[in-house]
Amino acid sequence: MKRDDRLGHHVLWHCAELASSEHAWLVDDEEGHKLAGVAALPLDDAPCHISYEVMVDHQWAPLAATATVTTAVQVSTIALVSVGQGRWTLDATPSPLLDGCGDVDLGWTPATNTIPIRRLALEVGETAPISAAWVRFPELDVVTSEQRYTRLGDGRWRYQSGDYDFELRTDVATGLVLAYGDDLWRVAAMAVGRPPT
């Protein structure tokens, strides 16, 4: 972890479905925002950890995302980079199958739900569709995912995508997820401010 990554908002999640624990953090700087984290979970009954980083601009539009999946026998990395106008490269190769995707959804973490929640800034009762480049787990491929967010109240959102239909509870100030249905929940959180200069 870089020294500056200790600054910002930190959260620890546990997910029952994936048997995962995850430390994620949100850092703001002059260039935009960064979501990063490390999740520990089983993959094919073997120990695994995933480190990831998602960069977004000041308007919460994703610029790039990387994820590295490490097991005892293999290391795999996925890199998505926006080239503008809803177009992406995947591992440095143009990926026309992702054309039109304005968001990135890393399938093992609720961290990336923060991005559309912050960008859309919906009023209570409003709903909006998005298209996301969805990095699936455990497949570790990337597909287009049509999703819908509805703001139910302060810190309460409905997230729909295919068969998924969950209520998200979020921190009102940061948009970081506190609970994802009954399956994932925050177990610890801390905000770390910048030291005086």
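Is Asp 103 buried or exposed? In this predicted model, Asp 103 counts as buried, because its relative accessibility is 2%, under the 20% limit for that class.

Asp 103 also takes part in a salt bridge. Its partner is Arg 119, and the closest N and O atoms are 2.5 Å apart. The pair links distant parts of the chain. Arg 119 sits in helix H1, which covers residues 114-120. Asp 103 belongs to strand S9, and 16 residues separate the two. Arg 119 differs from its partner in accessibility class: Arg 119 is partly exposed at 28%, whereas Asp 103 is buried at 2%.

The salt bridges were then counted. Side chains of opposite charge can pair when their charged atoms come close. The model holds six salt bridges, including the pair of Arg 119 and Asp 103. Another is formed by the side chains of Arg 136 and Asp 141, with an N to O distance of 2.6 Å. Arg 136 has a relative accessible area of 24% and is therefore partly exposed. Asp 141 is likewise partly exposed, at 27%. A further salt bridge joins Arg 156 to Glu 167, at 2.8 Å from N to O. Arg 156 lies in strand S12 and Glu 167 in strand S13, so this pair ties together parts that are 11 residues apart in sequence. Arg 156 is partly exposed, with a relative accessibility of 33%. For Glu 167 the relative accessible area is 33%, and this residue is partly exposed too.

Glu 22 presents another case. This residue is found in strand S2, residues 20-29. Glu 22 is buried yet has no salt bridge. The nearest side chain of opposite charge belongs to Arg 186, 13 Å away. A salt bridge requires a nitrogen and an oxygen within 4 Å, so Arg 186 does not serve as a partner. Polar contacts are present instead. One joins the side chains of Glu 22 and Tyr 52 at 2.4 Å. Another joins the side chains of Glu 22 and Thr 109 at 2.5 Å. Beyond four places in sequence, Glu 22 touches residues that include Val 11, Leu 12, Trp 13, Val 38 and Pro 110. Tyr 52 and Thr 109 are also among its contacts, as are Ala 39 and Trp 108.

Ala 39 gives the view from the other side of that contact. Its place is in strand S3, residues 32-43. Ala 39 counts as buried because its relative accessibility is 1%. Leaving aside neighbours within four places in sequence, Ala 39 is in contact with Glu 22 and Trp 108, and also with Ser 21, Cys 48, His 49 and Ile 50. Ala 39 and Ala 24 are 15 residues apart in sequence, with C-alpha atoms 8.2 Å apart in space.

Empty space was examined next. Rolling a probe the size of a water molecule over the atoms shows where empty space is left. The largest pocket holds about 500 Å³ of space. It is lined by 23 residues, of which Glu 17, Gly 107, Trp 108, Tyr 164 and Tyr 180 are the closest to its centre. Strands S9 (103-106), S11 (142-153), S12 (156-161) and S13 (164-170) each supply at least two residues of this lining. Trp 108 thus appears both at the pocket and among the contacts of Glu 22.

The model has one cavity of 30 Å³ or more. The volume of the largest cavity is about 40 Å³. Its lining includes Asp 103, Val 104 and Asp 105, together with Thr 112, Asn 113, Pro 116, Ile 130, Ala 132, Gln 147 and Tyr 149. Strands S9, S10 (127-135) and S11 each give two or more residues to this lining. S9 gives the most, with three residues.

Some backbone features were also noted. Phe 137 and Pro 138 are joined by a cis peptide bond, with omega about 15°. Pro 138 lies in the loop between S10 and S11. Ala 19 has a positive phi of about 55° although it is not a glycine. Ala 19 sits in the loop between strand S1 (8-15) and S2. At a relative accessible area of 46%, Ala 19 is partly exposed. Asp 91 also has a positive phi, near 55°, and is a residue other than glycine. Asp 91 is found in the loop between strand S7 (87-90) and strand S8 (93-94). Its relative accessibility is 42%, so Asp 91 counts as partly exposed.

Key
Residues are numbered from 1 along each chain as its sequence is written. This is a predicted model: local features need pLDDT of at least 70, side-chain atom pairs count only at pLDDT 80 or more; totals for chains, interfaces and linings use all residues. Side-chain values use heavy atoms; hydrogens and water are left out. Helices (H or I, at least four residues) and strands (E, at least two) are DSSP runs, numbered from the N terminus. Buried means under 20% relative accessible area, exposed over 50%, partly exposed in between (1.4 Å probe, protein chains only). Lys and Arg count as positive and Asp and Glu as negative; His and the chain ends are not counted. A polar contact is a pair of N or O atoms within 3.5 Å; within protein, one must be able to donate a hydrogen and the other to accept it, and residues adjacent in sequence count only if both atoms are side-chain atoms. Contact means heavy atoms within 4.5 Å. On a 1 Å grid over the protein atoms alone, a cavity is a set of points where a 1.4 Å probe fits but cannot get out, and a pocket is an open set with protein on both sides within 12 Å along at least five of seven lines; lining residues have an atom within 4 Å of a point. Grid points are joined across faces, edges and corners, and a volume is the space filled by probe spheres set on the points.
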